[in-house]
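Please open the structure in a viewer and keep the sequence at hand. The tour below proceeds by selection, one stop at a time.

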Amino acid sequence: MAEQTWHEARLIPTSGINGAEEQERRATSALLAVLGAVKEFNRAVLKPLGAPAGAVECYIEVPFMLGDKRVYPDGLIRVSRGSKSWTALVEVKTGSNDLATEQLENYLDIAREQGFDALLTISNEIPAVAGQHPTKVDKRKLRKVELHHLSWSQVLAEAVMQKEFRGVADPDQAWILGELIRYLEHTRSGALEFDDMGESWTAVRDSVAAGTLRASDKGIPTVVARFDALLRFASLSLGRRLGTEVVPVLSRRELSDPSLRSVALTQQLASSAQLSGTIRIPDTAGHLVITADLRAGQVTCHVDIDAPGEGRATTRVNWLVRQLKNAPESTRIECMTARSRGSSSAELLRTVRDNPAVLVTDPAREIRSFRIALTSPLGSKRGRGRGAFIDSVLTAADTFYASVLGDLKTWSAAPPRLRTESPTMSEEREPVHPVSLSSTDYSSQDGPTGPEPPTSDGSLTIARES
């Protein structure tokens, strides 16, 4: 038998998974075992949840009595440091299975009775806003127990960033973390990517096409929540490949009250048939703004960048064009000038490359900033694959970063240069004055009493200062 057909042995195999129950049990055991084994990874995951640094113990299917029935949370994590400890119950869902309110409230009751600190849920559900929980529970049960949620996409992103970018000191622990990554990336693990815009998507899409969509339509809240979840998934995907923390941008008011973001998106969708959001990528020239126009069937990614603070208008345009060497010719450039609202001019990159002055409509007006935008077709299907809304948005964001945003740098003024100093007076040569000059007229150099009498040859002797 040829070696090409042999299967390499894996620490966490995907073979033998039969049904959702076995899938959840294996995913839970694999994740908790690696959390206990890899110190850097457990700190990255557990520290934001409030766990201290210390020895980590992990268990699966721990039995507890709740009234007259026995219940089995999927897992338990305990972190001990000295005489103190932090304990959290764990509930896991894989595939398309959603968390159940009744089950979570039962586990919150157990955690309160046992004096545990938190309940951690892990599933493929991605909340619209970071820090939110995808399942609504009775808030009274959260008085003494904290409720946290991680999506499998977030767990995978943390694992990849820790292994590939932050680093793991012990080589064996790094290999173990790599095995978890391979497992979670396999389709049979149940750690799925974002793959559905929700059951209300088709009705909302068709209402947009018919021009009958209203802000009060029942399906809109689900669609706008799924769009924000898509932005979070796009951020996690980019961050996983870039090795940095990429997050959606929200205002302080939206962070404190997520309903404000939902209301704003609902109004935008009803009035203009658009959904938009902003992503922050560290160390880039600006935020990545994604706008999906359902009526036009287009998705546009753009970034705003300040123009240089000096130089002629064409010089500032050339500064930008030189940075867009990898951008497609269909990239649109807009100019914003001083004392004007909106863009003063806009042209495609293919035209600006040939004639930068085409963007300069009035040389007297200073160019303050540029907007660089790239538009591509928007899919309309609910799920994943060719012609799908999700894939078209993800592809647009990846393409824009790779060809435009990743190459842009902000302008900074050149540092001032030292002026060359003139020679000192002591270094200058003293002028040479002749002792005598032939002259027939009086001058200011004549003595105070007038010219001296002529010599025998008719010349005058110049009086010198003593």
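What follows is a sequence of selections, each with a short account of what is found there.

**The whole chain**

Begin with the entire protein in view, bearing in mind that this is a predicted model. The protein has 466 residues, of which 42% count as buried. Its secondary structure consists of 12 helices and 14 strands. How many of the contacts between residues at least 6 apart in sequence join residues at least 24 apart? The figure is 65%.

**First stop: N97**

Select N97, which sits in the loop linking β5 (84-92) to α3 (101-114). Is N97 buried, exposed or partly exposed? With a relative accessible area of 30%, N97 is partly exposed, because this value falls between the limits of 20% for buried and 50% for exposed.

Now display the surroundings of N97. Apart from neighbours within four places in sequence, the residues in contact with N97 are A20, E24 and E125. A20 is 77 residues away from N97 along the sequence, yet the two C-alpha atoms are 8.5 Å apart in space. For E24, show the side chain as well: a polar contact of 3.4 Å joins it to the side chain of N97.

**Second stop: helices α2 and α4**

Next, select residues 39-46, helix α2, together with residues 152-166, helix α4. Two packed helices are described by the angle between their axes and the distance between the axes. For α2 and α4, the angle is about 135 degrees and the axes are 10 Å apart. The two helices are therefore oblique to each other, and their crossing is right-handed.

Which residues of α2 and α4 meet? On the α2 side they are E40, F41 and A44, and on the α4 side V155, E158, A159, Q162 and R166. Sorted by class, this contact comprises four nonpolar, one polar and three charged residues.

**Third stop: D196**

Move to D196, in the loop between α5 (171-185) and α6 (201-210). At 22% relative accessibility, D196 counts as partly exposed, since the limit for buried is under 20%.

Show the side chain of D196 and look for its polar partners. One of its polar atoms lies 3.0 Å from the backbone nitrogen of G198. The D196 side chain also makes a polar contact of 2.6 Å with the side chain of R382. Leaving out residues up to four places away in sequence, D196 touches R226, R382 and I390. Add R384 to the selection: its C-alpha atom is 7.0 Å from that of D196, although 188 residues separate the two along the chain.

**Fourth stop: helices α7 and α12**

I390, one of the residues that D196 touches, also leads to the next selection, because it is among the residues of α12 that meet α7. Select residues 220-242 for α7 and residues 389-403 for α12. The axes of these helices come within 11 Å and cross at roughly 40 degrees. An angle of this kind makes α7 and α12 oblique to each other. The crossing of α7 past α12 is right-handed.

To see the contact itself, show F227, L230, F233, A234, L238, R241 and L242 in α7, then F389, I390, V393, L394, D398 and Y401 in α12. By class, the contact has 11 nonpolar, no polar and two charged residues.

**Fifth stop: A273 and D283**

Select A273, in the loop between α9 (258-272) and β9 (274-280). A273 is not a glycine, yet its phi is positive, at about 60 degrees. Its relative accessibility is 1%, and A273 therefore counts as buried.

Continue to D283, in the loop between β9 and β10 (288-293). D283 likewise has a positive phi, of about 65 degrees, without being a glycine. Is D283 buried or exposed? D283 is exposed, with a relative accessible area of 85%.

**Last stop: helix α10**

Finally, select residues 313-323, helix α10. Which residues of α10 are buried? They are A313, R316, V317, W319, L320, V321 and Q323. An α-helix has 3.6 residues a turn, so residues three or four places apart point the same way. Keep the buried residues of α10 displayed and add their surroundings: they pack against β11 (298-306), β12 (332-337), α11 (349-354) and β14 (367-377).

Methods
Residues numbered from 1 in each chain as written. Predicted model: local features only at pLDDT ≥ 70, side-chain atom pairs only at ≥ 80, totals over all residues. Heavy atoms only, no water. Helix = DSSP H or I, 4+ residues; strand = E, 2+ residues; numbered from the N terminus. Buried < 20%, exposed > 50% of the residue type's maximum accessible area, 1.4 Å probe, protein only. Contact = heavy atoms within 4.5 Å. Polar contact = N/O pair within 3.5 Å; in protein donor to acceptor, adjacent residues only side chain to side chain. Axes fitted to C-alpha atoms, helices over the stretch in contact; angles between N-to-C directions. Parallel < 35°, antiparallel > 145°, perpendicular 65-115°, else oblique. Left-handed = near helix turned anticlockwise from the far one by under 90°. Nonpolar A, V, L, I, M, F, W, Y, C, P; charged D, E, K, R; others polar.
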